[in-house]
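Reader: Let's go through this model residue by residue. Where should we start?

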Amino acid sequence: MLLMDSSTKISFNRCIRDGDLVIVYERHTMKAVKVCENSVLQNRFGVFKHSDWIGKPFGSKVFSNKGGFVYLLAPTPELWTLVLSHRTQILYIADISFVIMYLEVVPGCLVLESGTGSGSLTTSFARAVSPMGHVYTFDFHEQRAASAREDFERTGISTLVTVGVRDIQGDGFPDQFSGLADSVFLDLPQPWLAIPSARNMLKQDGTLCSFSPCIEQVQRSCETLRSDFTDIRTFEILLRTYEVREWKMDHSKVNDGNSTACPPRKRRQPSSEASVGDNASSSAVMARPSAETRGHTGYLTFARKCVS
Amino acid sequence: MSENKPESGPTVNPRVTWEGCSVLLDINDGDRLVFARLSAGSTLKIGNKTFSLQPLIGCPFGSLFQVESGKEKPYLSRFIPPTEENNVQDEGGCQLQEESRDNRAIIDNNQAQSLTGDDIDAMRREGATGNEIVEALIANSATFDKKTQFSQEKYRLKKQKKYAPRVLLRRPFSRSICEAYFKKYPARIGFLRVDALSLLLSMANVTANSDVLVLDMVGGLVIGAVAERLGGTGSVCNTYLGGKPYPMEIIRMFNFNNEICKRVLRCSVNDLCAVQNETSEQVSQHEDVCTMDSQSDEKISLSVSTEEVHLSYKNGVSDLVPENELSTTGKTCKTPKAGEKAPKEAIQSWKENGFSSLIIAAPEQDAWSLVKDLLPLLTYSAPFAIYHQYLQPLATCMNNLQLEKMAIGLQLSEPWLREYQVLPSRTHPCMQMSGSGGYILSGTRAYSNTSQS
């Protein structure tokens with residue numbers, strides 16, 4: 001997934017090969033598939049032979065035996081978040097992107113994370129620290145840790161991520177990381193229990209983030225943070241999406257008061273909104289917020305370790 | 001002491017300041033934000049006094065400084081807040097149940113404080129510290145004891161900010177730079193809020209070893225943020241319409257080392273789109289003839305413009321006029337320059353392989369006309385993210401991309417960000433909030449038989 005070297009990088013010269021992980025994009029769903037010369041993909045559009053895919057560029061439209069089609073995309077952490085199997089509730093792009101920015105994670109950083117969960121955020125951390133940094137992630141559930149390890153192998157980031165089985169709330173982070181972490185991320189039911197250990201792990205001015213769905217957890221975490229941390233800030237972030245529609249207006253009825261759009265046949269302006277190939281009527285593109293939207297994911301509390 | 005600056009490997013993550021480095025000074029907990037370059041002669045003005053910034057050189061980022069009265073004049077001294085102070089809030093929490101005071105009897109007639117301005121000046125002349133003045137004000141306030149616990153804390157904080165201001169030494173990073181500009185000069189960065197910036201970087205899959213095409217008309221903030229994520233690998237191509245690159249002064253706040261600066265290259269849209277067989281003379285002719293509007297240059301340069309790069313193409317060779325340094329304190333350290341003209345090999349490589357992603361932040365341009373020209377430069381399945389202040393241009397662009405089948409997975413989103421005050425018994429969303437951080441159109445370039453590379 002990550003562009004570690006020129007052979008994995010997407011480019012005009014790099015086509016789909018046997019063994020690649022691709023994201024199969026149907027109209028409303030996506031899934032991750034490993035390309036295997038002799039395999040097929042079956043869905044409501046028909047049967048797709050993997051062998052047809054090999055040699056085509058990523059981003060191609062491929063057809064089934066029934067004439068239906070899907071797109072094959074190169075995997076990215078964003079796409080992976082949308083297709084991975086949920087063993088736990090995961091973080092989505094709005095929270096993930098804000099966390100990475102606010103924790104100031106850049107290549108070479110050492111990041112500690114607990115819990116691993118389904119590895120959604122972990123994948124983005126790996127991208128951010130690549131190629132010289134590392135992510136040490138911990139989960140107390142042995143099976144989930146194993147599933148996460150498998151996923152990181154599949155997506156090709158296992159050289160950047162080490163998964164440990166450990167109860168961070170009870171035992172804290174391992175001493176070997178003391179004073180070495182640039183950032184610590186906590187997604188735990190009782191993060192205040194892990195905060196003292198996180199403090200020991202962090203470099204001076206290192207960043208910490210705790211993600212909690214409930215405000216009581218946030219209050220308790222902030223109380224605990226106040227002794228050794230500064231710049232404590234809590235946010236929530238949501239993404240509102242818009243739907244776009246083109247509304248063609250018929251200008252045969254000029255006087256009905258509806259035609260506030262550009263007059264017919266005037267297509268000189270480069271910024272005209274007339275759709276391509278449309279001569280007779282003009283159209284307007286309108287946007288409206290999507291009716292369904294997420295109301296809450298969790299509160300993000302950030303802090304910096306005090307400089308002594 | 002430039003020897004202290006760690007140059008190990010391509011990472012830039014130095015945690016200690018050095019002479020010549022760029023810093024962000026946070027005065028009184030976010031009340032005022034100032035960018036500065038540290039040198040023996042650089043100064044900072046707080047109120048009506050000027051302080052030397054020399055004590056800040058060689059200190060860790062995150063250090064706190066307080067104004068102290070010196071023998072000759074006040075100076076900035078390193079200050080470590082005692083842990084008791086940080087626990088004041090917690091103590092307040094414990095006493096909450098017993099809080100019986102309220103403000104019913106407090107009348108605001110400006111007569112509660114018995115110390116006059118002259119008294120305070122006299123105290124200062126006698127060498128009283130800021131904290132001592134604050135304590136004296138509290139002792140001489142007739143209404144202080146009648147205030148609630150919270151009210152007392154607020155009062156103390158207000159006096160401390162005035163009489164014992166504190167300066168926090170912050171490291172300039174895309175996060176802090178974006179927040180500072182968004183607070184002070186949002187128009188210069190096209191009202192690009194920090195969460196919108198973070199989304200651009202994620203949605204465009206900016207990572208090490210990628211070749212990112214960026215059209216940045218927000219002062220160089222996006223280019224800087226991309227370069228930060230590349231960490232000295234890959235490349236970022238700063239592209240522009242017409243012959244003159246857009247102002248990029250913000251990039252100089254980042255403290256980029258040589259390795260990272262080398263990766264930031266510039267190339268005009270015309271040069272990128274030029275057919276391979278064209279000679280460089282023909283290319284430079286295009287440059288002169290094609291004058292797309294560069295009015296945005298002037299708009300963005302309204303405030304301090306620290307950098308003007310003049311280019312003249314002669315057979316593909318450009319003569320660069322040296323940039324003007326921002327610092328009024330003069331140059332003590334040569335800062336490496338980002339944004340050099342892309343060499344032929346780089347342009348060739350980009351044409352052969354395609355860019356791995358695209359970010360457009362041109363809040364006053366029409367999105368579709370830019371996307372039309374730039375999308376074909378991306379490799380297939382490459383993600384892109386376009387930021388705009390207004391919804392309509394992105395809606396139109398999205399519609400056109402769908403009709404032309406140029407992209408899939410299109411999403412038009414608006415980030416919503418709210419900050420919370422979290423204090424015992426006083427937890428609520430902050431009273432102030434940003435109304436908008438702009439809109440983002442994201443998607444992935446699709447390949448179809450009609451696509452041309």
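Reader: Leaving aside neighbours within four places in sequence, which residues is A:Asp187 in contact with?

Author: This is a predicted model. A:Asp187 sits in the loop between β10 (181-186) and α7 (195-201) of chain A. Neighbours within four places in sequence are left aside, and the contacts are A:Ser114, A:Gly115 and A:Phe211.

Reader: Is A:Asp187 buried or partly exposed?

Author: Buried means under 20% relative accessible area, and exposed means over 50%. A:Asp187 has 30%, so it is partly exposed.

Reader: Which residues does the UniProt annotation "binding site" cover?

Author: The annotation comes from an unreviewed UniProt entry. A:Asp187 is one of the residues it covers. The others are A:Ser118, A:Gly119, A:Ser120, A:Leu121, A:Asp139 and A:Asp167.

Reader: Take A:Ser118. Is it buried or exposed?

Author: A:Ser118 lies in the loop between β7 (110-114) and α4 (120-129) of chain A. Residues up to four places away in sequence aside, it touches A:Leu84, A:Ser85, A:His86, A:Arg87, A:Thr88, A:Ile90 and A:Asp151. Its relative accessible area is 3%, under the 20% cut-off. Therefore A:Ser118 is buried.

Reader: Now chain B. With which side chain does the side chain of B:Ser198 make a polar contact?

Author: B:Ser198 is in helix α7 (residues 194-203) of chain B. It is buried, with a relative accessible area of 0%. Leaving aside neighbours within four places in sequence, its contacts are A:Ser97, A:Phe98 and A:Met101. The polar contact, at 3.5 Å, is with the side chain of A:Ser97.

Methods:
Residues are numbered from 1 along each chain as its sequence is written. Chains are lettered from A and ligands numbered from 1 in the order in which they are written. This is a predicted model: local features need pLDDT of at least 70, side-chain atom pairs count only at pLDDT 80 or more; totals for chains, interfaces and linings use all residues. Side-chain values use heavy atoms; hydrogens and water are left out. UniProt positions are given in the numbering used here, feature names are shortened, and annotations may be inferred rather than shown by experiment. Helices (H or I, at least four residues) and strands (E, at least two) are DSSP runs, numbered from the N terminus. Buried means under 20% relative accessible area, exposed over 50%, partly exposed in between (1.4 Å probe, protein chains only). Contact means heavy atoms within 4.5 Å. A polar contact is a pair of N or O atoms within 3.5 Å; within protein, one must be able to donate a hydrogen and the other to accept it, and residues adjacent in sequence count only if both atoms are side-chain atoms.
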